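Reader: I am new to this structure. Could you take me through it in short steps?

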Amino acid sequence: MSTETNPSNDSQPAKLDVEILRVDYTHEPHRKSLLRLLSEYANDPAIGSPGLSKRAQQRVATELAQRPNAVSLFAMINHPNNRAEAIGLANCFEVFSTFAAAPVLNVHDVMVSAPHRGKGVGSILMQAITELANERNCCKVTLEVYRGNQPARSLYSKNGFAGTEMDSELGETLFLSKRLVGDE
């Protein structure tokens, strides 16, 4: 998929020709780009992460390659010298909805490298994720976002994501976690 951002006037960011590419976890240049982008994302103050551990850095691409339910997408741009660069990343996992008896695509990570934010790359990634979910006959796409991460929440809202409040008596769905030994 190749998409261009379309600024409406000169005050908009520069036009980017963005191509979406599925990550090959076994291809060394893809592994390096995956690690570079994931490291940048893990160090972003907006997500409150301490960064990637050495263990995660050494294993992430290999572990993803071993999971048939994992799929990652790069947002790629070509520089004038014909050098392609991954500037965005989405890591997704197919899970299953028992209520719908259909697959669900969960977006675990989505990020755009800091120098390329605000240029429409995030929306292009979100569109590609939706297309991927449709290809897989998923009944929905899910993701988590920190309440205080307003830029991400705005991106998701603009791309059709909303809270899962189904019954006002029950309120919104909460995503909880429990750390386990070895989760460093």
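**A strand, a helix and two cores**

Author: Start with Ala-90, which lies in strand E4. Keep in mind that this is a predicted model.

Reader: Is Ala-90 buried or exposed?
Author: Buried means under 20% relative accessible area. Ala-90 has a relative accessible area of 0%. Therefore Ala-90 counts as buried.

Reader: How far apart are the C-alpha atoms of Ala-90 and Leu-38?
Author: Along the chain, Ala-90 and Leu-38 are 52 residues apart. In space, their C-alpha atoms are separated by 9.4 Å.

Reader: Which residues does Ala-90 touch, not counting residues up to four places away in sequence?
Author: Residues up to four places away are left out of this list. Ala-90 then touches Val-71, Ser-72, Leu-73, Asp-109, Val-110, Leu-125 and Ile-129.

Reader: Now Asn-91. Is Asn-91 buried or exposed?
Author: Asn-91 has its place in strand E4, residues 84–97. Its relative accessibility is 3%. The cut-off for buried is under 20%, so Asn-91 counts as buried.

Reader: With which side chain does the side chain of Asn-91 make a polar contact?
Author: Leaving aside neighbours within four places in sequence, Asn-91 is in contact with several residues, including Leu-34, Val-71, Ser-72 and His-108. The polar contact, at 2.5 Å, joins the side chain of Asn-91 to the side chain of Ser-72.

Reader: On to helix H4. Why are Ala-152, Leu-155 and Tyr-156 on the same side of H4?
Author: These three residues are buried in H4, residues 150–158. They are on the same side because they cover an arc around the axis of only 95 degrees.

Reader: What do the buried residues of H4 pack against?
Author: Ala-152, Leu-155 and Tyr-156 are the residues in question. They pack against strand E5 (102–112), helix H3 (121–135) and strand E6 (140–143).

Reader: Which element gives the most to the largest nonpolar core?
Author: The largest nonpolar core has 29 residues. Strands E2 (17–22) and E3 (70–78), along with E4, E5, H3, E6 and H4, each supply at least two residues of this core. With eight residues, the element that gives the most is H3.

Reader: How many residues has the other core?
Author: This core lies apart from the largest one. Val-23, Leu-38, Ala-86 and Leu-89 are among its residues. Its total is 17 residues.

Conventions
Residues numbered from 1 in each chain as written. Predicted model: local features only at pLDDT ≥ 70, side-chain atom pairs only at ≥ 80, totals over all residues. Heavy atoms only, no water. Helix = DSSP H or I, 4+ residues; strand = E, 2+ residues; numbered from the N terminus. Buried < 20%, exposed > 50% of the residue type's maximum accessible area, 1.4 Å probe, protein only. Polar contact = N/O pair within 3.5 Å; in protein donor to acceptor, adjacent residues only side chain to side chain. Contact = heavy atoms within 4.5 Å. Arc of directions from axis to C-beta. Core = buried A, V, L, I, M, F, W, Y, C linked by side-chain atoms within 4.5 Å.
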